Amino acid sequence: MKLKKYLTLTRAGIIEALQFRLSFLVMVIGNLLYLIVVYFLWKAIYASAGTDVVNGMSFTDTLIYLVLATALFNFMEMYTVWEIGRNIQSGKIVLDLLKPMEYRKYLFWSYSGSFVTQFFLTFLPTFIAVAIVTHGAIPLGVNLIYFVLSVVMAVSINYSIDFLVGTICLYTESIWGINIMKQVIVLLLSGATIPIAFFPEPLKTIVHYLPFQSIYNAPLSLLLDGNPATETVLSTLGTQLIWCIIMMVISKLFWKFSLRQITVNGG
Amino acid sequence: MSAIIEIKNVSKEFKVLNRREGLKGSLKDLFSRDYKTVKAVDNISMSIQQGEIVGYLGPNGAGKSTTIKMMTGVLEPTSGEILVGGNIPYQNRTKNAQEIGVVFGQRSQLWWALPLVESFKILKDIYQIPNEKYEGILKLYRSLVDIDPLLHKPVRQMSLGQRTLSDILAAFLHDPKIVFLDEPTIGLDVAMKSRIRTLIHALNKERNTTVILTTHDMGDVDALCKRIVIIDKGKMLYDNDIDHLKSFFGSYRTLKIRIDGELKEQATLIQKELPQFSVSANDEWISVLVDEEKAKVIEVLGKLQHSYNVKDMQLEEISTEDVIKKIYEEGVQ
Amino acid sequence: MKRKGLRFYAKIYCKILAQDLKSKMSYRADFIISTIGMIFTNIAGFISFWILFRNFPSINGWGYYEMLFLYGFSLVSLTPVQCFFDNNWSLRQHVYTGDFIKYCFRPINTFFYYQSEIFDIKGLGQLAFGLITLIYSWIKIGLGFTPLMLLKMIVFLITASLIMIALQNAAAATCFWIQNSFYVLDLAYRFRDYAKYPITIFSPVFRFIFTFLMPIAFIAYYPSLVILRPDKVPLLSWLSPIIGIAFFWLSYKIWMHGAKNYSGTGS
């Protein structure tokens, strides 16, 4: 069966991840610390602001938004750029290209095991913790379905961007530089560090036309809106779908083009 | 003359984690782990004199690297005593390091991005080598190998052979009393192997440096070592002259003959005729392992020529490799 | 054999540094891309900061320029760890592959020898950015200037650096005992983001934790109080140089202990 060969990779990934139990402990502590810092920081910020709602977001909204953005980030971070870069430098890429699977897919499914572990070990506990701490401020209804749909597309867009940036490593040795630029741009412009609602008007408009806000801002806005208008849902998911397709096509074409370039030049 | 290296009843134990298999096993490992103790080195004693070249041999995982790490002061023995140049290595690691040089065949210890001569200059400062001594050793190097093309080349641009050569030169730079060479010729072509061996031999003669050589290449052993130490599963199997070892097995020679007919069948017939020796056959040759203490090879050959039409023959000495293989398999009686 | 004092080590460090810089110049593209990446990181950090304060004029009695001062202070104090101790990030790989052993054979201090191998020039860009921020906010707050203030500033910047170096050393050294220590190091790295907030926003329990257990508050908050709020400096601020030295020494001991215990996974 076709699916089976992908699931084997998923299983191997889970086993590999479980080898590192201390790492998990550290990760949990790290996330906990982050939650604490975010909680107190924004509490202080809202306390100083004098009003309960700023730019349409209350303290609870902001807290849920930021915490889940981080959880989503941990969930989606696949270190793809590093992986591709290292494989290229060590020459392992030649072996991977020989596998009876498209490299883009091979890499994705090799990592998919940690989607499972990350979901259960970080995302779900965080989600539950936030729901409890905020006394059920997360609306639980049809928005959850929109959220899941949105996350699936976000994962795809994020992976396409990562793969696109990783492909650049075929041209330069500077993996660190390339990766940090990507990370900084994605995190800022996707609204992962500060909700896009807080952005000044011109910046908001620019960000609206970029793919990044589809990664974090789109799923989180859908989640926080307990009673969404059909129009909003359709336009958000529609925009995501369009970006999903565009980025996938671009990343595939760029990879194909670069690979041909490299094999022709014998790099 | 007193020994430069003195090892007495040294053992080293490691704790190793038992990993369980499969998805279920990994889950179990999350919560409980069990360790077992492994004796990497088990009660080893030896004493090595200044200026010796000693071949330290054994299969992979025999405990060679562990012993060397203990001699260089990186590891502390679980029990027993080690003295290197009068120092206890792990207690005076830096002092000990001043007196030794180390080369690992696969990993360079030089600065990757720097030209060789710059690495040398940094080493000169680290080991506090006086100017005259430094110039002197460079002069010696020039007389032994053609180093000038290497000196200004960054290490990362060198071939494996050039890198190994550079690493060896760097290890001898501060005129250490002892140099440890861990598989110095691994992965090199025949010509480069021979150059490296000549260099090691010359440096040993010139500076009277003690060399401890671990290798899997019997060519290295034959070319360089008078004495070999063999270790397997942490235990010492053999420590003596290589000639002694050879003479021990040296009475054996292999006589190979080619005759007409189906060789396998003929071999059984010959075996009946020569019951005291083992006879075997492959597609080309019939081999008779002759113990010369029982009968001379010439006599055996004469006997065979009498009853068979011998078209061709070869005589093979037993090689060091065969000897060591025999020791791994059977031990020294 | 001569005693190997500070001068000996300083001389060797300068020599290696000079050579390292020379060889770095031969990787021009990597250098340029990494530098751009570093500048991006700092600009993005600044933009987030700016967006935040557009919406909220003050946090817990800390004004925009005071927060900016903290921000600049943390950037400058993080420079040494970035420049001189960047090789800590590779420690995990060196230990894992068994390559670490090669640092143990030289007749000089293993910690020094290991760290001397890499000088990360990118950190200088961060230093420039931090200094500009610091000076700008200094002027805007109208702190005035005396030589004594400058001296205090230097002493407390060094203090803050020592704390951050100590945290990173200790985090990197965990790789001697646990398999995938990347998360520990990453956690320590994320501390720097939390360092730039005043500790007064936290509840007493977490104030205690961030002061004594995970001394993040010493990276910017306590030291900068000496300049920023000279009339009410807590005792802990004055003690911080001693605490810095103690933490550094402790982390060095942990690192060396790990190196000594290191049994060499590679045979």
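## Exercises on a predicted model

**Exercise 1.** Determine which strands of chain B helix α12 lies across, and at what angle the helix runs to β10(B).

*Solution.* Helix α12 of chain B comprises residues 297-307 and lies across β10 (252-258), β12 and β13 of that chain. Relative to β10(B), the helix runs at about 25°. As the model is predicted, these values are computed from predicted coordinates.

**Exercise 2.** Establish the strand order of the open sheet in chain B and identify its edge strands.

*Solution.* Step 1: the sheet consists of 4 strands, arranged β11-β12-β10-β13, with antiparallel pairing. Step 2: β11 (278-281) and β13 (312-317) of chain B pair on one side only, which identifies them as the edge strands. Step 3: on average, and ignoring direction, neighbouring strands are turned by 20° against each other.

**Exercise 3.** Describe the pairing of β11(B) with β12(B), and then the helix that packs on these strands.

*Solution.* Step 1: β12 of chain B spans residues 286-291 and is joined to β11(B) by 4 bridges in the antiparallel sense. Step 2: within this part of the sheet, Ser278(B) stands opposite Leu289(B) of β12(B). Step 3: helix α11 (residues 263-273) of chain B packs on the sheet and touches β11 and β12 of chain B. The direction of α11(B) makes about 170° with that of β11(B).

**Exercise 4.** Characterise the side of chain A that touches chain C, by element and by residue class.

*Solution.* Step 1: 32 residues of chain A are in contact with 32 residues of chain C. Step 2: α2 (21-49) and α8 (175-189) of chain A each supply at least two residues of this side; α2(A) gives the most, with 13 residues. Step 3: by class, the side has 22 nonpolar, 9 polar and 1 charged residues.

Methods: Residues are numbered from 1 along each chain as its sequence is written. Chains are lettered from A and ligands numbered from 1 in the order in which they are written. This is a predicted model: local features need pLDDT of at least 70, side-chain atom pairs count only at pLDDT 80 or more; totals for chains, interfaces and linings use all residues. Two residues are in contact if their C-beta atoms, placed from the backbone, lie within 7 Å. Ala, Val, Leu, Ile, Met, Phe, Trp, Tyr, Cys and Pro count as nonpolar, Asp, Glu, Lys and Arg as charged, and the others, Gly among them, as polar. Two strands pair if DSSP finds at least two bridges between them. Axes are lines fitted to C-alpha atoms, for helices over the stretch in contact, and angles run from 0 to 180 degrees between N-to-C directions.
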